[in-house]
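Work through these exercises with the structure open beside you. Each task is followed by a solution in steps.

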Amino acid sequence: MTSTANKQATGKADVTHLLALGSFRNWLRLARRNGVDRAFWRRALFITAVSALTAPLRLYERARYNRAVDRAPITQPPIFILGHWRSGTTNLHYLMSQDPQLGYITMFQMVAPDMLFVGERVIKPAFAKVTPTKRPIDNLPLSIDGAQEEEFGLATMSPHSFYHCWFFPRQMEHYLQTYAVFSNTAPQVVAEWNRHYLHLLRKATLNMGGKRLLIKNPTNTGRIRQLLELFPDAKFVNIVRDPYRVFLSMRYMVTVNYNSLQLQAITPEQIEENVLHIYEEVMQQYLRDRALIPPENLVEVRFEDLEQAPLAEVERVYTQLGLPGLAEARPGFQTYVDSLRGYKKNPLNLSDADIARVNERWGFAFDAWGYERQIPGASAHEAAPHDLLSNAVGQ
């Protein structure tokens with residue numbers, strides 16, 4: 001049996017599919033390697049057509065700009081926002097990106113990393129017209145020039161990304177082990193990942209006029225070793241959240257993502273197992289490797305503290321990491337926090353079965369971050385609606 005999301009996804013070709021503006025060669029390689037289910041051929045044909053039609057623009061950008069990109073210096077070590085999906089990473093990213101001294105990956109670079117410059121006049125305005133103004137999973141605002149994570153950009157330009165599991169969910173374990181936690185990844189594959197990742201960040205640096213990069217990517221939570229090899233002096237902010245809330249929100253997010261991105265069918269039972277397993281692998285890898293980060297370069301934030309006092313928490317981050325420019329950034333922080341008031345989100349129900357599964361599989365997280373375990377059957381379990389600030393820090 002397939003999920004409702006699978007059934008809905010077969011009925012249309014999504015004009016904003018995240019592979020459509022990516023490398024044609026990369027797309028063909030992924031499709032051959034992983035296979036596309038018959039039910040998703042229409043979507044695959046759409047990706048093929050758009051990526052083929054836009055190939056000349058990518059070729060021109062490579063010829064025109066790659067030399068300048070490869071020479072672009074990353075003079076200041078990036079600031080990496082870590083944390084499992086649905087733990088508050090997006091809101092912290094949006095909040096800190098209000099600092100005018102920081103640069104970031106834009107949404108347009110995320111969807112069209114190989115056409116960032118040549119697509120500015122033609123592709124970008126056209127894409128903006130079909131892009132939702134709010135994220136489907138939580139109604140957070142979207143902007144074509146706003147801060148986004150780089151993992152989808154890595155996926156559209158190369159085969160070396162964990163996010164290929166959203167397109168090919170039955171290969172989730174391969175992409176998780178190879179590109180999220182780098183378990184026994186071949187040295188040549190690591191070298192290729194390094195090359196593509198640095199190219200993406202150098203292009204962002206060039207696009208942002210040389211500003212220090214603020215990078216938010218939940219997948220990086222399991223990549224501390226790789227990031228430190230590239231940037232030994234990088235700063236890290238890790239955000240954690242009550243595991244029960246992460247489970248509920250992650251299960252919903254994965255289902256929504258598959259609805260618009262999948263090219264292979266997957267059952268609800270497989271979705272739930274993927275959610276549980278990804279958290280186990282990524283968060284345990286983080287706990288093993290966080291001691292590699294110099295103490296002065298790491299700060300941990302709790303979702304609940306950011307929810308209650310966002311300005312105080314972001315100031316603590318700046319102070320502990322020794323980041324400059326806090327006074328100049330405060331007005332932007334305040335404006336962003338003020339803009340989030342009054343939004344209501346839908347509640348998510350936490351069943352006794354959910355509690356039991358999370359307790360069994362994610363018990364290590366309660367011990368690591370001091371969250372309280374619930375007992376199945378003890379009481380009603382429902383996540384009440386909050387305003388947008390509460391909703392946003394769950395992203």
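**Exercise 1. Place helix α16 against the sheet.**

Find the strands that helix α16 lies across, then describe the sheet they belong to.

Step 1. Helix α16 covers residues 310-321 and lies across β2, β6 and β7. Its direction is at about 165° to β7. Keep in mind that this is a predicted model.

Step 2. Now read the sheet. It is open and has 5 strands, in the order β2-β5-β1-β6-β7. The pairing is parallel.

Step 3. Look at the edges. β2 (102-103) and β7 (298-302) each pair on one side only.

Step 4. Add a second helix. Helix α5 (residues 89-96) lies across β1, β2, β5 and β6. It runs at about 150° to β1.

**Exercise 2. Follow strand β6 and its partners.**

State how many bridges join β6 to β7 and how many join it to β1. Then decide whether β6 is buried or exposed.

Step 1. Strand β6 spans residues 235-240, and 5 bridges join it to β7. Ile 239 stands opposite Val 301 in β7. Val 240 faces Arg 302 of that strand.

Step 2. Turn to β1. It pairs with β6 over 4 bridges, in the parallel sense. Here Ile 79 has Lys 235 as its bridge partner.

Step 3. Check burial. The cut-off is under 20% relative accessible area. In β6, 6 of the 6 residues are buried, so the strand is largely enclosed by the rest of the structure.

Step 4. Split the strand by face. In a regular strand, side chains alternate between the two faces of the sheet. On one side of β6 are Lys 235, Val 237 and Ile 239; on the other are Phe 236, Asn 238 and Val 240. Both faces are covered.

**Exercise 3. Explain what the pair of Trp 85 and Tyr 163 ties together.**

Describe the geometry of this aromatic pair, then locate both residues.

Step 1. The whole structure holds 22 aromatic pairs. In the pair of Trp 85 and Tyr 163, the centres are 6.4 Å apart and the planes make an angle of 45°, which is tilted.

Step 2. Locate the residues. Trp 85 is in the loop between β1 and α5, and Tyr 163 is in the loop between α8 and α9, so the pair ties together parts 78 residues apart in sequence.

Step 3. Check burial. Trp 85 and Tyr 163 are both buried. Tyr 163 has 2% relative accessibility.

Step 4. Extend the picture. Phe 162 and Tyr 163 form a tilted pair, 6.1 Å centre to centre with 50° between the planes. Phe 162 counts as buried because its relative accessibility is 0%. One aromatic cluster includes Trp 85, Phe 162, Tyr 163 and Trp 166.

**Exercise 4. Find the residues that touch the most other members of the largest nonpolar core.**

Name these residues, then follow the contacts of Trp 166.

Step 1. The largest nonpolar core has 118 residues. Met 96, Phe 162 and Trp 166 touch the most other members.

Step 2. Helix α13 (residues 243-261) gives the largest share of this core, 9 residues.

Step 3. Leave out residues up to four places away in sequence. Trp 166 then touches Met 250, Met 253, Val 254 and Tyr 258, among others.

**Exercise 5. Locate Ile 144 and judge its burial.**

Step 1. Ile 144 sits in the loop between α7 (123-130) and β4 (147-148).

Step 2. Its relative accessibility is 15%, so Ile 144 counts as buried.

Step 3. Ile 144 and Phe 127 are 17 residues apart in sequence, yet 8.4 Å apart in space, C-alpha to C-alpha. Beyond neighbours within four places, Ile 144 has contacts including Thr 106, Phe 108 and Phe 127.

Key
Residues are numbered from 1 along each chain as its sequence is written. This is a predicted model: local features need pLDDT of at least 70, side-chain atom pairs count only at pLDDT 80 or more; totals for chains, interfaces and linings use all residues. Side-chain values use heavy atoms; hydrogens and water are left out. Helices (H or I, at least four residues) and strands (E, at least two) are DSSP runs, numbered from the N terminus. Buried means under 20% relative accessible area, exposed over 50%, partly exposed in between (1.4 Å probe, protein chains only). Contact means heavy atoms within 4.5 Å. A nonpolar core is a set of buried Ala, Val, Leu, Ile, Met, Phe, Trp, Tyr and Cys residues joined through side-chain atoms within 4.5 Å. Two strands pair if DSSP finds at least two bridges between them. Axes are lines fitted to C-alpha atoms, for helices over the stretch in contact, and angles run from 0 to 180 degrees between N-to-C directions. Rings of Phe, Tyr and Trp (its six-membered ring) pair if their centres lie within 6.5 Å; planes under 30 degrees apart count as stacked, over 60 as edge-to-face and the rest as tilted.
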